[in-house]
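Dear colleague,

I am passing on the structure that we talked about, together with a short account of what came out of looking through it. Please have the sequence and the model open as you read on.

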Amino acid sequence: MKTSGFGYLHFTLSAWETEDDLKRFAREGAHLSALKKTSRLANESRTYTFAGDQLPDWREAKKLLQEKGRVLTLK
């Protein structure tokens, strides 16, 4: 996992060996608990799943997220 951000804009990049591992993490435990509190910190969240043998660098990851990311409106 890597994080980047400044001010109101923050990014997290994580790597998973399988899609099932990613889904399990996203729907359970500490991540699920934190997700429930996200609306206190933000109005919007974006998510993008990238498949590949290597992680993109931050510039490419942020571009992919902006262009192809799924927008989640938080209330």
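Two residues are said to be in contact here when they have heavy atoms within 4.5 Å. With that meaning, residues 24 or more positions apart account for 55% of the contacts in the protein that have a separation of 6 or more. Please bear in mind that this is a predicted model.

As for the overall layout, the protein has 3 helices and 4 strands, and from the N terminus on these elements follow the order β-β-α-α-β-α-β. Taken along the principal axes, the C-alpha atoms fill a box of roughly 35 × 25 × 20 Å. Of the 75 residues in the protein, 9% are buried, and the protein exposes about 6800 Å², of which carbon and sulfur atoms supply 50%.

The other finding concerns the largest pocket, which holds about 2200 Å³ of space. This pocket is lined by 48 residues, and the closest to its centre are Thr12, Ser45, Arg46, Thr47 and Tyr48. The elements that give two or more residues to the lining are strands E2 (9-13), E3 (44-47) and E4 (70-73), along with helices H1 (19-27), H2 (29-37) and H3 (58-68). Which element gives the most to this lining? That is H3, with 7 residues. Sorted by class, the lining of the largest pocket comprises 24 nonpolar, 14 polar and 10 charged residues.

With best wishes

Note on methods
Residues are numbered from 1 along each chain as its sequence is written. This is a predicted model: local features need pLDDT of at least 70, side-chain atom pairs count only at pLDDT 80 or more; totals for chains, interfaces and linings use all residues. Side-chain values use heavy atoms; hydrogens and water are left out. On a 1 Å grid over the protein atoms alone, a cavity is a set of points where a 1.4 Å probe fits but cannot get out, and a pocket is an open set with protein on both sides within 12 Å along at least five of seven lines; lining residues have an atom within 4 Å of a point. Grid points are joined across faces, edges and corners, and a volume is the space filled by probe spheres set on the points. Ala, Val, Leu, Ile, Met, Phe, Trp, Tyr, Cys and Pro count as nonpolar, Asp, Glu, Lys and Arg as charged, and the others, Gly among them, as polar. Buried means under 20% relative accessible area, exposed over 50%, partly exposed in between (1.4 Å probe, protein chains only). Accessible areas come from the Shrake-Rupley method with a 1.4 Å probe; for residues, only the protein chains shown count as cover.
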